[in-house]
Amino acid sequence: MNNKVLERRKVYFKDFVKVLSHFRPINKNKPHPWNSREAKLRFAFTMYDLNKSGTITKDEFQDILEMMIGANVPKEQVNSIADRTMREADRDGDGYITFQEFCNAMEKTDIEQKMSFRFLT
Ligand SMILES: [Ca+2]
C-alpha cells in the first residue's frame, strides 16, 4: 500500500471518530466541543440539509422522513408529518428552516438523550 492511500485512510478514520463522538453521552463535568448540544444540533441539521445549502426545505425533510420511516408509513402520512413539522419549525413562513429555527424547534426535544448511544453500561 503506498503512502497516499495510507494518508487517505487516516483522514477517513479521523472523520469517522469525529462523527461517532457526536453520539457520546454528554459528560456534564467534562464538556467537549464535539458532543455539546450545539454540535449535536449542528450535526443533525447538516444531515437534514441534503444539498448543504444552509437551510432545510420541506422537500429535504420529506426525503429524510421517507428514508427513515417510508418503509412502514404510507406516503400521505409522511407528507402530513412533513407538512406539520414545517409549519411548526418555519417561524417566519419563508419555506426554509434555518439553523436558528431548527434549534428553536428542537428546544422541546431532549436531543442529548435521543442522540446518545450507550456503549458499555
Ligand atoms: Ca424560515
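**Figure 1. The whole chain, from one end to the other.** Follow the sequence along and you will meet the pattern α-α-β-α-α-β-α-α. Counted up, that gives six helices and two strands. Keep in mind as you explore that this is a predicted model. The chain has 121 residues, and 7% of them count as buried. How much of the contact within the chain joins residues at least 24 apart? Among contacts between residues at least 6 apart in sequence, the share is 44%.

**Figure 2. Helices H3 and H4 packed together.** Here is a handy idea to begin with: two packed helices are described by the angle between their axes and the distance between the axes. In this view, H3 covers residues 58-69 and H4 covers residues 75-89. Their packing angle is about 135°, and their axes are 9 Å apart. An angle of about 135° makes H3 oblique to H4, because only angles over 145 degrees count as roughly antiparallel and those from 65 to 115 as roughly perpendicular. The crossing of the two helices is right-handed.

**Figure 3. The residues where H3 meets H4.** Which residues make this contact? From H3 come Lys58, Phe61, Gln62, Leu65, Glu66 and Ile69. H4 contributes Val78, Asn79, Ile81, Ala82, Thr85 and Met86. Sorted by class, the contact has seven nonpolar residues, three polar ones and two charged ones.

**Figure 4. A stretch annotated in UniProt.** An unreviewed UniProt entry places the feature "domain: EF-hand" at residues 36-71 and 77-112. Take a look at residues 36-71: this span is 67% helix and 6% strand. The C-alpha atoms at its two ends lie 32 Å apart.

**Figure 5. Arg37 and a partner from far along the chain.** Arg37 sits in helix H2, which runs over residues 37-48. Is Arg37 buried, exposed or partly exposed? It has 14 other C-beta atoms within 10 Å, so Arg37 is partly exposed. Now find Cys103, which is 66 residues from Arg37 along the chain. The C-alpha atoms of Arg37 and Cys103 are separated by 9.8 Å.

**Figure 6. Lys52 and its positive phi.** Most residues other than glycine have a negative phi. Lys52 is not a glycine, yet its phi is positive, at about 55°. You can find Lys52 in the loop between H2 and strand S1, the strand at 56-57. With 6 other C-beta atoms within 10 Å, Lys52 is exposed, because a residue counts as exposed if that number is 12 or fewer.

Terms used: Residues numbered from 1 in each chain as written. Predicted model: local features only at pLDDT ≥ 70, side-chain atom pairs only at ≥ 80, totals over all residues. Axes fitted to C-alpha atoms, helices over the stretch in contact; angles between N-to-C directions. Helix = DSSP H or I, 4+ residues; strand = E, 2+ residues; numbered from the N terminus. Parallel < 35°, antiparallel > 145°, perpendicular 65-115°, else oblique. Left-handed = near helix turned anticlockwise from the far one by under 90°. Contact = placed C-beta atoms within 7 Å. Nonpolar A, V, L, I, M, F, W, Y, C, P; charged D, E, K, R; others polar. UniProt positions renumbered as here; feature names shortened; annotations may be inferred. Buried ≥ 20, exposed ≤ 12 C-beta atoms within 10 Å, placed from the backbone.
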